[in-house]
Amino acid sequence: MDREEVTEFLGQVPLLQCLPGSSIRRIAEAVQVKRYEPGDYVAREGEPVDGLYIILDGQAEVSASANAEEANRPDYVLNKYDYFGYGTNSSDHQVNVVALSKLTCFILPNQYGHLLQPKTIWNAEDTPEHSLLEQILHLEPLEVDIFRGFTLPEAPTFRQVFGGQLIGQALAAASKTVDCLKMVHSLHAIFLVAGDNNMPIIYQVHRARDGSSFATRKVEAKQKGLVIFTLIASFQKEEVGFDHQAAIMPDVPPPEQLLNLEEIRERRLTDPRFPTQYRNLAAKKKFTPWPIEMRFCEDSASQHKPSLNYWFRARGKLSDDQALHRCVVAYASDLLYSGVSLNPHREKGLKTYSLSLDHSIWFHKPVKADDWLLYVIESPSAHGGRGFVTGRMFNRQGELITSLTQEALIRREKTREPNPRPKL
């Protein structure tokens with residue numbers, strides 16, 4: 001097997017799938033191959049083992065010694081992708097492992113055990129500072145296919161969990177159950193119930209299919225035992241194929257010539273054309289910068305058009321993991337997205353309520369989310385309390401990176417009737 005084949009094989013071992021891609025590649029360089037004949041002892045009870053054993057081919061039997069209590073004898077068979085020796089740290093092995101057939105194992109020697117304990121699911125190194133977005137998209141693996149995510153106090157919040165956070169974290173969970181050579185090419189999400197910012201979110205991944213080229217995952221996000229969000233994602237191993245692009249990036253100013261949100265806010269606070277009362281209230285209002293930097297291509301005079309163009313990128317440097325960059329794009333894709341369907345209906349004093357219903361993304365090419373991307377949004381229709389939007393993302397070279405669609409609930413906010421005054 002060449003290095004890529006070893007990496008692909010290791011990426012299908014459930015224990016290793018939640019590791020950063022860089023860790024799996026380093027493990028692929030460090031593993032050794034060992035072969036056994038039927039009846040050979042691979043590990044003996046009471047003796048140390050050399051490291052983590054992963055079965056590449058064949059079968060092995062796990063059994064306790066003959067004098068162990070019958071009820072405590074864990075006799076079972078190990079097959080391809082199964083492993084043992086993990087977490088022993090050179091201590092004595094607890095059971096016998098015997099080859100049932102010709103057996104081939106990968107062995108990760110104990111001195112490389114630190115590769116199994118990365119700092120995050122995205123980065124194996126003890127980097128002094130991660131991007132806030134990378135921290136938001138970090139999940140805690142609880143067991144195989146189950147992860148826990150959080151709404152960080154430093155992150156901007158709404159009345160409920162931000163939809164982009166659910167999409168990004170669910171995609172992160174799905175990505176950590178496929179081999180690192182397969183990348184998401186499409187996802188389809190449905191929002192069911194508003195999430196609670198003050199509670200952790202449990203992501204349960206279901207392995208719908210694993211093929212040589214494609215893998216499919218379904219993810220359920222839960223709070224209080226209730227499913228609040230579902231996502232289906234399809235992953236593909238990179239391959240060479242037909243190539244064309246008909247979509248053309250709009251002619252807009254480069255991001256260096258545009259203001260970001262913080263600069264726009266600062267100008268409004270000091271602009272004498274705005275009433276003093278407005279400026280004072282705006283200054284007192286708590287402002288939490290987004291982990292995404294945005295620069296709008298049009299001025300406020302264009303806010304009634306059913307379209308919006310803006311540049312965005314993640315703040316800070318992201319780890320070099322393509323799966324992470326796609327999760328960041330998924331997170332950012334819900335920013336200001338459905339609101340474009342309300343643009344033609346905006347008027348002074350209008351208060352609205354909106355909630356994402358479903359969301360789809362198709363990834364066409366690799367993406368670098370800490371570099372500028374142009375988000376082109378259009379709303380072709382709004383009807384029956386639902387707004388529909390489409391989106392395209394281009395990199396600075398004009399390459400179409402993603403295509404997107406979303407439907408959202410959009411309503412006038414109901415005015416609350418004042419409490420009736422008592423007659424007596």
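# Reading a predicted fold, contact by contact

Guide: Let's start small: the side chain of Thr120 reaches the backbone nitrogen of Trp122 at 3.0 Å. That is a polar contact, meaning a pair of N or O atoms within 3.5 Å; within protein, one must be able to donate a hydrogen and the other to accept it, and residues adjacent in sequence count only if both atoms are side-chain atoms. The Thr120 side chain also reaches the backbone nitrogen of Asn123, at 2.9 Å.

Visitor: Before we go on, what kind of model is this?

Guide: This is a predicted model, where local features need pLDDT of at least 70 and side-chain atom pairs count only at pLDDT 80 or more, while totals for chains, interfaces and linings use all residues. Residues are numbered from 1 along each chain as its sequence is written, and side-chain values use heavy atoms, with hydrogens and water left out.

Visitor: Back to Thr120, then. Is Thr120 buried or exposed?

Guide: Buried means under 20% relative accessible area, exposed means over 50%, and partly exposed is in between (1.4 Å probe, protein chains only). Thr120 has a relative accessible area of 13%, so Thr120 is buried.

Visitor: Where does Thr120 lie, and which residues does Thr120 touch?

Guide: Helices (H or I, at least four residues) and strands (E, at least two) are DSSP runs, numbered from the N terminus. Thr120 lies in the loop between strand E8 (103-109) and helix H4 (132-136). Contact means heavy atoms within 4.5 Å. Not counting residues up to four places away in sequence, Thr120 touches Pro20, His130, Glu134 and His138.

Visitor: Now for salt bridges. How many does the structure hold?

Guide: A salt bridge is a side-chain nitrogen of Lys or Arg within 4 Å of a carboxyl oxygen of Asp or Glu. The structure holds 16 of them. One joins the side chains of Glu8 and Lys237 (2.9 Å, N to O). That pair links distant parts of the chain, with Glu8 in helix H1 (residues 3-10) and Lys237 in strand E14 (residues 226-237), 229 residues apart. Glu8 is buried, at 14% relative accessible area, whereas Lys237 counts as partly exposed at 23% relative accessibility.

Visitor: What does Asp145 pair with?

Guide: Asp145 forms a salt bridge with Arg207, and their closest N and O atoms are 2.8 Å apart. Asp145 sits in the loop between strand E9 (140-143) and strand E10 (146-149) and Arg207 in strand E12 (residues 201-210), so the pair ties together parts 62 residues apart in sequence. Asp145 counts as buried at 13% relative accessibility, and Arg207 as partly exposed at 30%.

Visitor: Which residues are linked with Glu220 in a network of salt bridges?

Guide: Lys218 and Lys222 are in that network with Glu220.

Visitor: And how do I read a nonpolar core?

Guide: Think of a set of buried Ala, Val, Leu, Ile, Met, Phe, Trp, Tyr and Cys residues joined through side-chain atoms within 4.5 Å. The largest one here has 65 residues, and Tyr203 and Phe229 have the most contacts inside it. Helix H8 (residues 322-332) gives the most to this core, with 8 residues. This core also draws at least three residues from each of domain 2 (132-237) and domain 3 (255-412), with bounds that come from an automatic or database domain assignment.

Visitor: Which residues is Phe229 in contact with?

Guide: Leaving aside neighbours within four places in sequence, Phe229 is in contact with several residues, including Leu166, Ile190, Phe191 and Glu220. A second, separate core of 20 residues includes Leu10, Ile27, Ile54 and Leu56.
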